[in-house]
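Reader: Please take a close look at one part of this model. I am interested in its pockets, and one of them in particular.

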Amino acid sequence: MDWLSYSSALMEGAWVTIQLTLYSTVVGAIAAFALGIGRLSRSVVLRSLSITVIEVFRGTSLLVQLFWLYFALPILGESLGLDWRLDPVVAGTLALGLNIGAYGAEVVRGAIQAVPHSQLEAAKALDFTERQTLWRISLPQAIPEMMPSFGNLAVQNLKDTALVSLISLGDLSFRAEQIRNFTQDSTTIYTLLLLMYFGMALVLTVLMKLLERATGRWRAQRS
């Protein structure tokens, strides 16, 4: 096989990687806002639950989380008489999404807490509820501040997708290893793999920069 043949085969795996990155980034964003806002809640139960989830996923290995969801969870389900087997794509999406969401939650919390206290006092004087203050005052100012960190997390998430090859999901890394085992051409395969991940990361970085600018314009229009 030549470089062109390698690239053609690797593109199939790259498409799986792109889909997994998209799915898990969306799940991660939702989890980040839910956990970050939950951590600031006045409800002791909600705050404690959010902190527990954040610390568990930040304090344990992503690889172990992936293996637990794919291998251990079905065994636990069987012991309870339930079918908790997850499709590799679902397991990979959940592990990646919850992991990046736990780190993103701290970004959300920090950005919301960085909103000037005087504006919160003004909202209180205008008789805004906590929910109105969050949606109309805090988040519109906090979201643009979150975007640079979210961009870094999205790129890291893309690179972390390589771990899903360990649960036999046919992503870019899995396809590359298959071809390498067949051809024994490690130098060519891993060079192509390096370049393809770099290319995808570059595109994702540009997209996140555009999103960052869009949120900046949105903030300016609301101010």
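How much space lies in the second largest pocket? Please also say what lines this pocket, and set the pocket against the rest of the protein.

Author: This is a predicted model. About 260 Å³ of space lies in the second largest pocket.

Start with the lining. From the N-terminal part of the list come Ile18, Thr21, Leu22, Thr25 and Val26. Leu158 lines the pocket as well. Met200, Val203, Leu204 and Leu207 complete the list.

Now the elements. Two of them give two or more residues each to this lining: helix 1 (3-39) and helix 8 (186-222). Helix 1 gives the most, with five residues.

Next, the chemistry. Eight of the lining residues are nonpolar. Two are polar. None is charged. Leucine appears at several places in this lining, including Leu22, Leu158, Leu204 and Leu207.

The largest pocket makes a useful reference. About 780 Å³ of space lies there. Its lining has 20 residues, and the closest to its centre are Leu40, Arg42, Glu130, Thr133 and Leu134. Helix 4 (88-113), helix 5 (117-125) and helix 6 (130-160) each give two or more residues to that lining. The largest share comes from helix 6, with six residues. By class, the lining of the largest pocket holds nine nonpolar, six polar and five charged residues. The lining of the second largest pocket, by contrast, has no charged residues. Arg42 and Glu130 are among the residues closest to the centre of the largest pocket.

Now step back to the whole protein. Its secondary structure comes to eight helices and zero strands. From the N terminus on, the order is α-α-α-α-α-α-α-α. The C-alpha trace spans about 70 × 50 × 25 Å along its principal axes.

Burial and contacts come next. The protein has 223 residues, and buried residues make up 39% of them. Take the contacts between residues at least 6 apart in sequence: 76% of these join residues at least 24 apart. The second largest pocket draws on distant parts of the sequence too, with Ile18 and Leu207 both in its lining.

Last, the surface. The protein exposes about 12700 Å². Carbon and sulfur atoms supply 64% of that area.

Back to the part you asked about. The second largest pocket has about 260 Å³ of space. Helix 1 and helix 8 each give two or more residues to its lining, and eight of its lining residues are nonpolar.

Terms used. Residues numbered from 1 in each chain as written. Predicted model: local features only at pLDDT ≥ 70, side-chain atom pairs only at ≥ 80, totals over all residues. Heavy atoms only, no water. 1 Å grid on protein atoms, 1.4 Å probe; cavity = no way out; pocket = protein on both sides within 12 Å on 5 of 7 lines; lining within 4 Å. Points joined across faces, edges and corners; volume = space filled by probe spheres on them. Helix = DSSP H or I, 4+ residues; strand = E, 2+ residues; numbered from the N terminus. Nonpolar A, V, L, I, M, F, W, Y, C, P; charged D, E, K, R; others polar. Buried < 20%, exposed > 50% of the residue type's maximum accessible area, 1.4 Å probe, protein only. Contact = heavy atoms within 4.5 Å. Areas by Shrake-Rupley, 256 points an atom, 1.4 Å probe, with all protein chains shown as cover.
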